[in-house]
Amino acid sequence: MKSLLIIGWVWPEPNSSAAGSRMVQLIRLFQTLDYQVTFVSAANKSDHMIDLATLDVAAQEITLNCDSFDAFVSELAPDAVMYDRYMVEEQFGWRVAKYCPNALQILDTEDLQSLRNARHQAYKKDGHLDNTELNTELAIREVAAIYRCDLTIMISPVEMALLVEHYQVPASHLCYLPFLYDEQALAKPSLPYAQRDNFIAIGNFRHAPNWDSVLWLKQQIWPQIRKALPQAELHIYGAYPPKKATDLHCEKSGFLVKGWAEDAFEVMAKAKVCLAPLRFGAGIKGKLSDAMLCSTPSVTTAIGAEGMATDLAWPGAVSDKVNEIAQAAVVLYQNEEQWQMASELAERNRKLLFTSQPFIEQFREQLTCIVNQLTMHRGRNFIGLMLNHHSHKSTQYMSQWIAAKNQLTS
């Protein structure tokens with residue numbers, strides 16, 4: 001059996017965010033490929049983190065800028081190392097390269113962090129994404145980490161194309177791997193229209209696009225929906241709701257901030273329509289894949305639907321205009337025939353997008369090919385060789401300086 005070390009930015013919380021669910025999916029994927037998984041993180045543990053022992057995963061806390069990691073990784077001697085986002089590769093990549101030079105180095109971007117941030121900045125500037133700056137400092141750092149690794153897992157085909165066409169990353173160093181669901185999940189029966197009620201919006205409140213979405217709903221979209229449907233309620237779920245979010249709760253207007261959901265699928269499956277008006281962001285959206293799995297029609301924006309297009313229509317509606325979002329939501333909520341059509345589209349779309357087996361086989365083949373020709377694979381990536389030589393030196397010296405400073409302080 002091969003061994004995989006995952007270095008996490010945070011401890012996985014599958015019930016709090018799509019990123020947490022995604023990490024659990026990746027752990028199970030590697031186990032399917034006969035890897036024994038060890039998960040480590042320098043982050044503080046949380047109440048909502050999954051018990052990794054239930055997944056048959058060894059877990060250990062590590063320390064940033066500390067030589068103790070060198071001894072740990074040398075003793076573990078993993079066959080492969082996966083970094084959870086580019087920041088983790090910056091912190092630990094040089095140590096892995098030094099003490100486990102033959103280990104396959106994999107980067108999981110979750111989504112392109114730099115793209116999400118650039119879109120956020122563009123939106124804050126003038127409310128539009130048309131002039132999003134792609135060559136930011138964060139983009140330089142993130143793309144450099146992608147070049148330094150042997151393989152980068154991408155969740156969105158749109159971001160795959162951006163890396164290849166704009167940043168000139170070799171396609172051979174990227175792997176498209178969307179959310180992965182088994183046949184049982186894809187064939188899950190759903191509640192009919194008559195047994196559902198209310199609108200739902202869901203997402204971790206610590207994620208800026210989700211918070212902006214809640215504000216947009218509160219200030220502009222929900223008042224229009226409520227005017228047309230005076231008895232309807234919008235139930236808003238999400239982990240870590242701050243006081244500014246709970247203060248938006250209003251029984252009179254049906255705008256109900258529920259906070260943490262023990263089971264996101266359960267609340268999604270009981271809702272009639274999912275609202276996800278996202279004005280910026282990146283990757284593909286867990287709330288919308290959840291809606292598809294529950295056959296719940298959704299109303300979202302172009303950003304929300306990005307990376308999840310098929311040859312079929314969207315299972316609901318896509319618009320960036322307040323009145324069109326509100327009108328589509330009202331029609332889906334009131335019209336059973338329209339709702340049923342969208343619900344059936346959700347089932348058909350999810351099978352096209354997320355059937356796991358073809359993606360697992362593709363990943364297995366790509367991984368095997370790289371492992372069997374690792375020296376040649378790295379040799380073809382001259383930019384990566386340069387970045388590993390120069391970038392890791394500066395990162396190494398900074399980390400060693402911090403470690404020495406900490407030792408002197410203690």
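Which residue forms a salt bridge with E361, and how far apart are the closest N and O atoms? The partner is R364, with the closest N and O atoms 3.4 Å apart. The legends below describe this pair and other close-up views of a predicted model.

**Figure 1. The salt bridge between E361 and R364 in helix α15.** E361 and R364 are three residues apart in helix α15, so about one helical turn separates them. E361 is partly exposed, because its relative accessible area is 35%. R364 has a relative accessible area of 32% and is therefore also partly exposed. Elsewhere, D67, D70 and R95 are joined into one network by salt bridges that share partners. The structure as a whole holds 14 salt bridges.

**Figure 2. The salt bridge between K270 and E266 in helix α10.** The closest N and O atoms of K270 and E266 are 3.2 Å apart. Helix α10 spans residues 264-270, and the two residues are four apart within it, so they are separated by about one helical turn. K270 has a relative accessibility of 45% and therefore counts as partly exposed. E266 is partly exposed as well, because its relative accessible area is 41%.

**Figure 3. The salt bridge between R85 and D84.** The side chains of R85 and D84 meet at a distance of 3.2 Å, N to O. Side chains of opposite charge can pair when their charged atoms come close. Is R85 buried or exposed? R85 has a relative accessible area of 12%, so it is buried. D84 also counts as buried, because its relative accessibility is 2%.

**Figure 4. The two domains and the contact between them.** The domain assignment of the protein chain gives domain 1 as 2-181 + 356-409 and domain 2 as 193-354. The contact takes 27 residues from domain 1 and 26 residues from domain 2. Taken over C-alpha atoms, the centres of domain 1 and domain 2 are separated by 30 Å. The size of an interface is often given as the accessible area lost when the parts come together. Between domain 1 and domain 2, the buried area is about 2100 Å², with 63% of it given by carbon and sulfur atoms. On the side of domain 1, the residues that lose the most area to domain 2 are Y123, F179 and Y181. Together these three residues account for 27% of what that side buries.

**Figure 5. Polar and charged pairs between domain 1 and domain 2.** One salt bridge is counted between the two domains. In the salt bridge of E306 with R119, the closest N and O atoms are 2.8 Å apart. Eight residue pairs in polar contact are counted between domain 1 and domain 2. On the side of domain 1 that touches domain 2, at least two residues each come from α4 (113-126), α6 (157-165) and α15 (356-372). The largest share of that side comes from α4, which supplies five residues. The residues of the side of domain 1 that touches domain 2 comprise 14 nonpolar, eight polar and five charged.

**Figure 6. The surroundings of H377 in helix α16.** Helix α16 covers residues 374-379 and includes H377. H377 has a relative accessibility of 7%, so it counts as buried. Which residues are in contact with H377, leaving aside its neighbours within four places in sequence? They are D150, S172, H173 and I370. A polar atom of the H377 side chain lies 2.8 Å from the backbone oxygen of D150. The side chains of H377 and H173 are joined by a polar contact of 3.2 Å.

**Figure 7. Positive phi at D56.** D56 has a phi near 65°, a positive value in a residue other than glycine. The residue lies in the loop between β2 (35-41) and β3 (58-61). Its relative accessibility is 54%, so D56 counts as exposed.

**Figure 8. Positive phi at E110.** E110 is not a glycine, yet its phi is positive, at about 65°. E110 is found in the loop between β5 (104-108) and α4. Is E110 buried or exposed? With a relative accessibility of 9%, E110 counts as buried.

Note on methods. Residues are numbered from 1 along each chain as its sequence is written. This is a predicted model: local features need pLDDT of at least 70, side-chain atom pairs count only at pLDDT 80 or more; totals for chains, interfaces and linings use all residues. Side-chain values use heavy atoms; hydrogens and water are left out. Domain bounds come from an automatic or database domain assignment. Contact means heavy atoms within 4.5 Å. Buried area is the accessible area (1.4 Å probe) that two parts lose on being put together, summed over both. A salt bridge is a side-chain nitrogen of Lys or Arg within 4 Å of a carboxyl oxygen of Asp or Glu. A polar contact is a pair of N or O atoms within 3.5 Å; within protein, one must be able to donate a hydrogen and the other to accept it, and residues adjacent in sequence count only if both atoms are side-chain atoms. Ala, Val, Leu, Ile, Met, Phe, Trp, Tyr, Cys and Pro count as nonpolar, Asp, Glu, Lys and Arg as charged, and the others, Gly among them, as polar. Buried means under 20% relative accessible area, exposed over 50%, partly exposed in between (1.4 Å probe, protein chains only).
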